[in-house]
Amino acid sequence: MSNGDDLKRQVADAALGLVEPGMKLGLGTGSTAAAFIAALGARVRQGLDVECVATSSATEAQAKAAGIPIATLNSAGELDLTVDGADEIDASLSLIKGGGGALLREKIVAMASQRFVVIADESKLVDGLGAFPLPIEVEPFGAQSTLRMIGMVGREAGCDGEVKLREGADGPFRTDGGHYIADCAFGAIPDAALLGDMLTMIPGVIEHGLFIDMADAALIAGAEGVRVLEPAAET
Ligand SMILES: O=C[C@H](O)[C@H](O)[C@H](O)COP(=O)(O)O
C-alpha cells in the first residue's frame, strides 16, 4: 500500500468515528471518499444500520457492492452527515472540488446535510485556492460560448488562465447528469466568493466547483496522524 493510500485509509477510519447507528449519510466521490465507503461497508456488513445517498454513479456502484443501502436524496430527505474529499482546501475550509466531475451532485448532497465533513491528506491544504484548475459543470448547448463567458468573468474577478473542456475517452467528458466540465487554469483566485457569485450568473453554467462556507470540518491525514480543522470563527 502506498503512503497516499495509507493516509486515505487513516482519514477514512477517522471519519467513520463520526458515524452513528441510524444516520442518513451522504457519500462523496473520488479516491478518498472511496476509502471511507470501503471502511463504512465493512461496518455495515457487521450490522451497522445506516441509509446512504451517493453523489455519483461510481460511488453508488461501490457502495452497493459493499452492501451499503442506497436511497435517493428525494426519499432520504435531510441527511445527518456527508463525508467527501476535495481537490484543494484553504484555511477557511473553502474548497475546490470536481476533479472527478461529480461536483454538482456533491454540492446538492452536501447542502442537504446537517454536517458536511471533508477528508483529505495534507497535500490538499493550500494557502490560497486556484493552483488546481477549477472545474465548472456546463450545459453542452453552446458550450464554447459559455467557456468564453467563463474566461471573461474570470478576468473580471482577477483570474486569468486557459478555460478548456475536459476530454473523455470518446469526446468531451460527460458528468452523471450529462453535462460537460470546463477546467479553468485560473491560478491564484483572489476572491473565491466573488468569482463563484459571478460564475453562477452565466446561463450555461450549471454549477462551479467552489465550495465556500459549506464545510463544517476537515479531517486531514499527515505524518503526525489525523487532525481536525474547523472554519475560523468570524470576528
Ligand atoms: O468530483 C470529484 C470530487 O470532488 C472529489 O472529491 C475530488 O476530486 C477529490 O478526489 P480524490 O479524493 O480522489 O483526490
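A residue counts as exposed if 12 or fewer other C-beta atoms lie within 10 Å of its own, and as buried if 20 or more do. In this predicted model, glutamate 156 illustrates the first case. It has 11 other C-beta atoms within 10 Å, and is therefore exposed. Glutamate 156 belongs to helix 6, which covers residues 143-156. Its C-alpha atom is separated by 9.0 Å from that of methionine 198. Along the chain, glutamate 156 and methionine 198 are 42 residues apart.

The protein is divided into two parts. Domain 1 is assigned to 3-122 + 213-229, and domain 2 to 134-206. The C-alpha centres of domain 1 and domain 2 lie 25 Å apart. Eleven residues from domain 1 and ten residues from domain 2 take part in the contact. On the side of domain 1 that touches domain 2, helix 5 provides the largest share, with three residues. By class, this side of domain 1 holds four nonpolar residues, six polar and one charged.

The interior comes next. The largest nonpolar core contains 62 residues. Phe36, Ile119 and Ile150 have the most contacts inside this core. Helix 2 gives the most to the core, with seven residues. Domain 1 and domain 2 each contribute at least three residues to this core. Phenylalanine 36 can be followed further. Residues up to four places away in sequence aside, phenylalanine 36 touches Ala12, Ala15, Val83 and Ile119. Ile119 thus appears both as a contact of phenylalanine 36 and among the residues with the most contacts inside the core.

Strand 7 and strand 11 offer a view of buried strands. In a regular strand, side chains alternate between the two faces of the sheet. Strand 11 spans residues 180-184, and five of its five residues are buried. Tyr180, Ala182 and Cys184 point one way from strand 11. Ile181 and Asp183 point the other way. Strand 7, residues 134-138, is also mostly covered, with five of its five residues buried. Leu134, Ile136 and Val138 lie on one side of strand 7, and Pro135 and Glu137 on the other. Both faces of strand 7 are covered.

The pairing of these strands was then examined. Strands of a sheet pair through backbone hydrogen bonds, either parallel or antiparallel. Strand 7 and strand 11 pair in the antiparallel sense, over five bridges. Here proline 135 stands opposite aspartate 183 of strand 11. Strand 11 is also joined to strand 8, residues 163-165, by three bridges. Strand 8 and strand 11 run antiparallel. Leucine 165 stands opposite alanine 182 of strand 11. Strand 7 has a further link, to strand 12, which covers residues 205-208. Three bridges join strand 7 to strand 12, and these strands run antiparallel. Glutamate 137 has glutamate 207 in strand 12 as its bridge partner.

Another sheet has three strands. This sheet is open, with the order 4-5-13 and antiparallel pairing. Strand 4 (88-89) and strand 13 (210-211) each have a single partner strand and stand at the edges, so one side of each is left without a neighbour in the sheet. Strand 4 pairs with strand 5, residues 95-96, in the antiparallel sense over two bridges. The bridge partner of glutamate 88 in strand 5 is isoleucine 96.

The surroundings of the ligand complete the description. There are 18 residues around the ligand. Gly30, Thr32, Gly85, Gly99 and Gly100 come nearest. Helix 2 (31-45) and helix 5 (103-111) each supply at least two residues of the shell. Helix 2 gives the most to the shell, with three residues. By class, the shell has four nonpolar, ten polar and four charged residues. Helix 2 therefore recurs in the account: it gives the most to the nonpolar core, with seven residues, and the most to the shell around the ligand. Helix 5 recurs as well, in the shell around the ligand and on the side of domain 1 that touches domain 2.

Key: Residues numbered from 1 in each chain as written. Predicted model: local features only at pLDDT ≥ 70, side-chain atom pairs only at ≥ 80, totals over all residues. Near = placed C-beta within 6 Å. Helix = DSSP H or I, 4+ residues; strand = E, 2+ residues; numbered from the N terminus. Nonpolar A, V, L, I, M, F, W, Y, C, P; charged D, E, K, R; others polar. Pairing = 2+ DSSP bridges. Core = buried A, V, L, I, M, F, W, Y, C linked by C-beta atoms within 7 Å. Domains from an automatic or database assignment. Contact = placed C-beta atoms within 7 Å.
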